[in-house]
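Please study the sequence and the structure shown below. The paragraphs that follow lead from strands and sheets to the interior of the chain and then to its charged side chains.

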Amino acid sequence: MDMKKIFGILAVISAMLPLGSCQHKELCYDHPHTAELNVVIDWSKSGTPVQTTMEMILFPPEGGRALHYQFPDNCGGRVKVPAGNYNALCFNTGSGANRYSGLDTRFNEFLITTRSSSESEFIPKSDVEEAILEPDVLYGAAIRDYFTVTGNEERTITFYPVQRTPHYTVIFTNVRNLKYTKGCSATLSSLACGYLLGSDIPNDSRHVQAFPVHRTEDTTMQGELTVFGHCRPGVTGHYVSVYFLLLDGQVVRYDYDVSEKLNDPALTGVMSATIVIDLDIELPKPIVNGSGFQPTVDGWEDEDIDIIM
């Protein structure tokens, strides 16, 4: 092979080398890819600050996996975050009943929920609605407008958490012969099983929630429960069912439609409400050994009824 052919081949190879080699980009030194975010949790809109750990979720506008941070107290703090645009949610951790949806969920679909449950041992399982545990009281806040975090300056965001879970006190009046009962429990139906904090509404579901009831006077009882809220306004089918365990082991049940009470516009946005239900019932007196003898019970005797969760 003569020298001209050799030099020709070398020239072709030299021309092809840049096409197959790595294209090195210049290193980016003009801005960092992480930034410090100062998070302030302001309890001024809630009254008394809640002593709890707090969770923060950052959602990038393009979707994808959200970022989760936890603060050891109720004040917030500084965290390192990737530079970018976000909207955000902040809420209290709770005591174990509440759960939240995965970090692949979009901002408006992020659901804080509670766990499934069975009712008390003398309340039959509902064939229509799944039973849920009473949720932990939820305090939460959202930043719905996107904010930008860059490494050039520290960014501060402020959350103003408020209570999102209504608390109901249910008073039952005109219940005669309470002295012939061993225990009492109740359920409230067509309740939401969770709260969409980004959308600031309960989710659209129908679940039943049990709550304990105790005697306060000779013919009056009271129970309390915390809920995520009920379905959409105007939805009917909200029933309080009261179950009495009598001295002879018999269980009797009474239903009361509270749809009108729960849909009362006066309750919109109210986090603490009292519902009074006039049962106007006379509980049956027990018959012992079929003899027709009806014993008298002096006073109220409390008996612990195991609640199976």
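In this predicted model, Ala88 stands opposite Ile143 in strand β9. The strands concerned are β5 (residues 84–92) and β9 (residues 139–149), which pair in the antiparallel sense over 7 bridges. In general, the strands of a sheet pair through backbone hydrogen bonds, and the pairing is either parallel or antiparallel. Strands β5 and β9 belong to an open sheet of 5 strands with antiparallel pairing, in the order β3-β2-β5-β9-β11. Which strands stand at the edges, each with a single partner strand? They are β3 (67–71) and β11 (162–163); because each has a single partner, one side of each is left without a neighbour in the sheet.

Another open sheet has 4 strands in the order β6-β7-β14-β15, again with antiparallel pairing. Its edge strands are β6 (98–100) and β15 (201–202), and each of them pairs on one side only. Strand β6 runs antiparallel to β7 (residues 111–114), and 3 bridges join the two. Within this pairing, Arg99 stands opposite Thr113 in β7.

The view can now widen to the whole chain. Its secondary structure comes to 2 helices and 20 strands. Of its 309 residues, 42% are buried. Among the contacts with a separation of 6 or more, 71% are between residues 24 or more positions apart. The chain exposes about 17,100 Å², of which carbon and sulfur atoms supply 51%.

The interior comes next. The largest nonpolar core has 27 residues, and those that touch the most other members are Tyr168, Phe172, Val175, Leu188, Met221 and Phe244. Two or more residues of this core come from each of the elements β12 (167–176), β13 (181–191), β16 (207–217), β17 (220–226), β18 (239–246) and β20 (272–282). Strand β20 gives the most, with 5 residues. Leu188 offers a close view of the surroundings of one core member: beyond its neighbours within four places in sequence, Leu188 is in contact with residues including Tyr168, Phe211, Leu225, Val240 and Leu262. Another core, of 23 residues, lies apart from the largest one, and among its members are Met56, Tyr86, Ala88 and Cys90. Ala88, met above opposite Ile143, is thus also one of the members of this other core.

Charged side chains form a further set of links, for the structure holds 8 salt bridges. One of them joins the side chains of Arg78 and Glu154, at 3.0 Å from N to O. This pair links distant parts of the chain, since Arg78 is in strand β4 (residues 76–82) and Glu154 is in the loop between β9 and β10 (155–159), 76 residues apart. Is Arg78 buried or exposed? Arg78 has a relative accessible area of 53% and therefore counts as exposed, as the cut-off is over 50%. Glu154, at 40%, is partly exposed.

In another salt bridge, Arg215 meets Asp218, and their closest N and O atoms are 2.7 Å apart. Asp218 counts as exposed, with 56% relative accessibility. The side chains of Arg253 and Asp255 also meet in a salt bridge, at 2.9 Å from N to O. Arg253 is partly exposed at 47% relative accessibility, and Asp255 is partly exposed at 44%. Salt bridges that share partners join Glu36, Arg78 and Glu154 into one network.

Finally, Val251 is found in strand β19 (residues 251–257). Val251 is partly exposed, with a relative accessible area of 36%. The C-alpha atoms of Val251 and Gly183 are separated by 9.7 Å, while the two residues are 68 residues apart along the chain.

Conventions
Residues are numbered from 1 along each chain as its sequence is written. This is a predicted model: local features need pLDDT of at least 70, side-chain atom pairs count only at pLDDT 80 or more; totals for chains, interfaces and linings use all residues. Side-chain values use heavy atoms; hydrogens and water are left out. Two strands pair if DSSP finds at least two bridges between them. Buried means under 20% relative accessible area, exposed over 50%, partly exposed in between (1.4 Å probe, protein chains only). A nonpolar core is a set of buried Ala, Val, Leu, Ile, Met, Phe, Trp, Tyr and Cys residues joined through side-chain atoms within 4.5 Å. Contact means heavy atoms within 4.5 Å. Accessible areas come from the Shrake-Rupley method with a 1.4 Å probe; for residues, only the protein chains shown count as cover. A salt bridge is a side-chain nitrogen of Lys or Arg within 4 Å of a carboxyl oxygen of Asp or Glu.
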